[in-house]
Structure formats: C-alpha cells, structure tokens
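Subject: The two-chain model for you to look through

Dear colleague,

I am passing on the structure we talked about, together with some notes that you can read beside it. Please open it first and then work through the notes at your own pace.

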Amino acid sequence: MTIGTLYTGFGYWNVYAWIMFFAIGALVVLFIRFTGRSDYEKGTYQDEVFYGGNPVPQDGEDLAVPASSSYWGFTKALASFYEVLVNLHTGILSDYMGFLIVTAAIISLLILL
Amino acid sequence: MFKMDIKKELGILPKSIWAFHCNSGSCNGCDIEIVALLTPRYDIERFGMKLVGSPRHADALLVTGPVTKYMTDRLRRIYAQIPGPKVVVVVGNCGASGDVFYKSYNLDGPVDNILPVDVYVHGCPPRPEAIIDGVTKAIVKLEEKRKELLESGGGGNV
C-alpha cells in the first residue's frame with residue numbers, strides 16, 4: 001500500500017500536507033512562546049496554569065465538566081423512572097432474552113387477537 | 001532574536017492599568033461597588049482602567065474581604081500569577097483590618113498578613129469615587145515599581 005493523495009470530490013487529503021500543516025503550526029506556537037516573558041520563576045505558583053486561583057487538578061477527570069451536568073435537573077426529577085430502567089439493565093443475557101420473549105409474545109398476541 | 005524587549009514592554013505599561021478582582025470572603029458589598037465602576041456613571045474604562053478575567057493580564061490586584069483560611073492559598077497563587085510590576089489594592093474595611101470579623105476563628109487576614117499591600121481603600125463599602133482614587137494612587141506606586149524594574153534591567157517580580 002502506498003501513501004498517496006486521496007481525492008474526495010470536495011478536495012484532497014494528503015499525509016505530507018498534514019505533516020506540513022502541523023509543522024507550520026508548531027513553528028507559529030514556538031514563535032508566540034518565544035515572544036513571551038521569560039522572567040517567570042519555575043516551580044512556583046507563577047508557573048502554574050490559572051485555574052480560578054485553585055490548585056490545578058492532576059487528574060483530567062476533575063478538570064472536565066461532564067455533559068450530564070447540563071441535564072442534571074431533568075434526571076433528578078425523573079429519578080424514580082430512571083432507577084427502574086437502570087435496574088432492568090442487569091447485564092445478564094438471560095434477562096435480556098426474557099425481555100425479548102415477553103415483548104415478542106405481547107406483540108404476537110396483539111397481532112393475532 | 002524574538003525575545004521580548006522588557007524595556008519596551010514596560011514603556012507601554014503606564015498608559016493604562018488593568019485590574020484583577022479577587023473576593024477573599026467579602027459580603028459582596030465591595031464587589032458591587034467595584035462593578036459599579038464599570039457602569040456609565042463612573043465608567044473607569046475612559047481612564048484606560050479595566051477589570052480583566054485573568055491575573056496574567058493584570059497590573060493590579062483588587063482584594064475584597066477579610067481573607068478566610070480557605071482563600072489564603074488561592075490569594076497567594078493569584079498574586080504570584082500576576083506578572084511584575086504589580087500592585088495590590090485592598091477595597092473595603094474587611095480587607096484592611098478585618099472589620100467586624102477581625103476576631104473570627106477562620107480568618108488568616110487581613111490582606112496585609114498574606115500579601116504586600118500598596119493601597120488601602122476604606123469604607124463599608126467604599127464609594128466608587130474612593131475606589132477610583134485608590135486605583136490612581138496605585139498607578140503612582142506602579143510607576144515607582146516600573147522604574148525600579150527598568151533600572152534593574154527588567155526581569156524578576158517586584
């Protein structure tokens with residue numbers, strides 16, 4: 001398999017073009033970095049990322065705001081309904097097969113009767 | 001080759017003062033007065049003053065509140081993250097002396113127990129005019145620090 005240019009009908013994709021793009025991007029970033037102040041004291045508070053004055057969490061998970069935060073109130077209000085649904089998901093295959101058979105039986109009854 | 005010319009950078013500084021505001025346990029009274037500075041009535045931006053959202057962009061630190069134990073480290077961290085030269089302006093009686101909270105068990109403050117304070121603005125809360133006056137006094141202090149930095153050839157954090 002050779003690395004060539006992929007024409008998509010909307011443009012093209014080429015691995016060398018991507019490498020060039022990232023190389024130019026890296027040069028721009030380095031240039032901006034070099035123009036910054038160099039009198040920061042390493043290893044002190046000065047060197048830290050500004051995180052509202054708080055210590056920067058080492059674990060990435062603590063930094064992220066999960067998408068579920070945006071609908072927290074919705075799930076809280078419907079908690080009793082969700083609890084039933086979550087409890088139904090036992091992870092045991094025979095349970096799921098049971099749901100399938102019962103559902104198929106009910107649908108069959110509705111169709112046949 | 002592309003290194004920032006600190007002397008040139010410090011030459012730009014006196015034209016305006018940008019402030020970062022930190023509430024270290026205030027009741028919000030002083031904070032509301034600081035926000036009032038931005039309203040059309042007081043409009044500090046006509047003097048080139050501005051509240052900024054990051055200490056990295058600030059020349060001055062406005063501190064309100066008596067500094068609770070929880071905020072001590074955070075205040076130190078924010079102060080350290082402001083590039084020099086920098087000034088600290090305490091807004092309100094709480095930050096200046098602890099005011100009614102001065103004997104409280106959970107205070108590390110007032111602010112001058114934690115940071116080197118340059119200007120105190122008294123009042124509970126201080127009027128916006130008083131805060132503007134305090135910030136203009138801070139500009140004079142900032143100018144002195146800038147000269148010190150220029151004489152020492154830049155670098156370091158005054």
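Among the contacts in chain B with a separation of 6 or more, what percentage is accounted for by residues 24 or more positions apart? The share is 81%, and please keep in mind throughout that the model is a predicted one.

It may help to begin with the outline of chain B, which has 5 helices and 5 strands and which, when you follow the sequence from its start, runs through the pattern α-β-α-β-β-α-β-α-β-α. Of the 158 residues in chain B, 40% are buried.

Strand β1(B), residues 18–23, is a good place to look next, since two other strands pair with it. With strand β2(B), residues 50–52, β1(B) pairs in the parallel sense over 3 bridges, and there you will find W18(B) opposite K50(B). With strand β3(B), residues 60–64, the pairing of β1(B) is again in the parallel sense, over 5 bridges, and here A19(B) stands opposite A60(B). Helix α2(B), residues 29–36, joins β1(B) and β2(B) in a β-α-β unit that is right-handed.

A60(B) also leads us to the interior of the chain. In soluble globular proteins, nonpolar side chains tend to be buried together. The largest nonpolar core here has 39 residues, and those that touch the most other members are A60(B), L61(B), V63(B), L75(B), V89(B), V90(B) and V91(B). Several elements of chain B supply at least two residues each to this core, among them β1, α2, β3 and α3, while β4(B) gives the most, with 5 residues. If you would like one residue to follow by eye, take L61(B), which, when residues up to four places away in sequence are not counted, touches F20(B), C22(B), I78(B), Y79(B), I82(B), K86(B) and V88(B).

Turning to the place where the two chains meet, the contact takes 17 residues from chain B and 14 residues from chain A. On the side of chain B, the largest share, 5 residues, comes from helix α3(B), residues 69–80, and by class this side has 7 nonpolar, 5 polar and 5 charged residues.

Chain A, finally, is divided into domain 1, residues 1–64, and domain 2, residues 66–113; taken over C-alpha atoms, the centres of these two domains of chain A are separated by 43 Å.

With best wishes

Definitions and conventions:
Residues numbered from 1 in each chain as written. Chains lettered and ligands numbered in written order. Predicted model: local features only at pLDDT ≥ 70, side-chain atom pairs only at ≥ 80, totals over all residues. Contact = placed C-beta atoms within 7 Å. Helix = DSSP H or I, 4+ residues; strand = E, 2+ residues; numbered from the N terminus. Nonpolar A, V, L, I, M, F, W, Y, C, P; charged D, E, K, R; others polar. Pairing = 2+ DSSP bridges. Right-handed = clockwise from strand over helix to strand, strands pointing away. Core = buried A, V, L, I, M, F, W, Y, C linked by C-beta atoms within 7 Å. Buried ≥ 20, exposed ≤ 12 C-beta atoms within 10 Å, placed from the backbone. Domains from an automatic or database assignment.
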